[in-house]
Amino acid sequence: MHISEGVLSPAVLAGGAALAAAGTAIGLRKLDYEAIPRVALLSAAFFVATLIHVPVGPVGLHLVLNGLMGLLLGWPAFPAILIALFLQALLFQFGGLTVLGVNTVTMAVPAVVCFYLYRPLLRRGGRVALAAAAACGATAILLSGLLVAVALLFTGEGFLRVAQLVALAHLPVMAAEGVITLFVFLFLKKVRPEMLEGIYGPVS
């Protein structure tokens with residue numbers, strides 16, 4: 001999911017940086033003091049999960065957990081993902097500093113979109129909420145794959161085949177993230193229901 005340095009055009013890099021800065025500013029404004037430990041924990045989980053890559057052709061597949069971050073954070077997913085990506089670029093040269101904005105946008109925008117898309121269903125509780133949790137994890141990966149493909153296509157039509165491969169290669173990751181997000185939702189519902197209630201109200 002990480003786009004490496006030297007691939008994207010300056011215009012795409014500048015657009016990604018501007019969107020990432022705007023999203024992070026909104027995320028920080030919406031971040032309340034009590035949510036800071038949750039943001040830090042999910043940022044650390046994102047940092048670790050996205051370090052483990054499985055190479056598939058020119059694409060490296062890995063868990064992203066942005067659907068889970070969107071489900072539990074909403075807009076604060078932006079600064080959480082930005083910090084994790086910054087540390088990965090600094091410590092392990094994953095992605096890179098020049099593509100930090102684009103990589104943040106491709107993973108954080110789906111998190112925020114899924115938060116608003118599935119929030120009404122998660123508030124209903126029961127099987128609807130469980131289905132929404134799984135769909136949240138899967139949809140976030142689908143959107144991230146599409147955004148990576150769009151970033152490549154905006155750079156040049158020569159990336160069309162790579163963009164198609166990126167979108168297709170993430171289909172199994174969608175299924176995995178849907179299951180993981182569902183299990184985490186079930187776990188929190190049983191062990192820490194107050195966390196979900198603080199976001200969605202009483203969840204039955």
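The following dialogue examines how several descriptions of this predicted model are justified.

Trainee: What does the secondary structure of the chain come to?

Mentor: The chain has nine helices and two strands. Read from the N terminus, the order of the elements is α-α-β-β-α-α-α-α-α-α-α.

Trainee: How do you know whether the radius of gyration of the chain agrees with that of a compact globule?

Mentor: For 204 residues, a compact globule would have a radius of gyration near 17 Å. The chain has 16 Å, and therefore the value agrees. Along the principal axes, the C-alpha atoms fill a box of roughly 50 × 35 × 25 Å. Buried residues account for 47% of the 204 residues.

Trainee: How many aromatic pairs does the structure hold?

Mentor: The structure holds three aromatic pairs, and two of them may be discussed here, beginning with Phe47 and Phe92.

Trainee: Why is the pair of Phe47 and Phe92 called tilted?

Mentor: The ring centres of Phe47 and Phe92 are 6.0 Å apart, and rings pair if their centres lie within 6.5 Å. Their planes stand at 50°. Planes under 30 degrees apart would count as stacked and over 60 as edge-to-face, so the pair is tilted.

Trainee: What makes this pair a tie between parts of the chain?

Mentor: Phe47 belongs to helix H2 (residues 36-49), whereas Phe92 belongs to helix H4 (residues 77-92). The pair therefore ties together parts that are 45 residues apart in sequence.

Trainee: Are Phe47 and Phe92 buried or exposed?

Mentor: Buried means under 20% relative accessible area. Phe47 has 17%, so Phe47 is buried. Phe92 has 40%, which lies between the 20% and 50% limits, so Phe92 is partly exposed.

Trainee: Why is the pair of Phe115 and Tyr116 called edge-to-face?

Mentor: The ring centres of Phe115 and Tyr116 lie 5.0 Å apart, with the planes at 80°. Planes over 60 degrees apart count as edge-to-face, so this pair is given that name. Phe115 is buried, because its relative accessible area is 8%. Tyr116, at 37% relative accessibility, counts as partly exposed.

Trainee: How do you know whether Thr106 counts as buried or exposed?

Mentor: Thr106 has 3% relative accessibility. The limit for buried is under 20%, so Thr106 counts as buried. Thr106 lies in helix H5 (residues 100-124). Leaving aside residues up to four places away in sequence, Thr106 touches Ser144, Leu147 and Val148.

Methods: Residues are numbered from 1 along each chain as its sequence is written. This is a predicted model: local features need pLDDT of at least 70, side-chain atom pairs count only at pLDDT 80 or more; totals for chains, interfaces and linings use all residues. Side-chain values use heavy atoms; hydrogens and water are left out. Helices (H or I, at least four residues) and strands (E, at least two) are DSSP runs, numbered from the N terminus. Buried means under 20% relative accessible area, exposed over 50%, partly exposed in between (1.4 Å probe, protein chains only). Contact means heavy atoms within 4.5 Å. The radius of gyration is taken over C-alpha atoms; the globule rule is 2.2 Å times the number of residues to the power 0.38.
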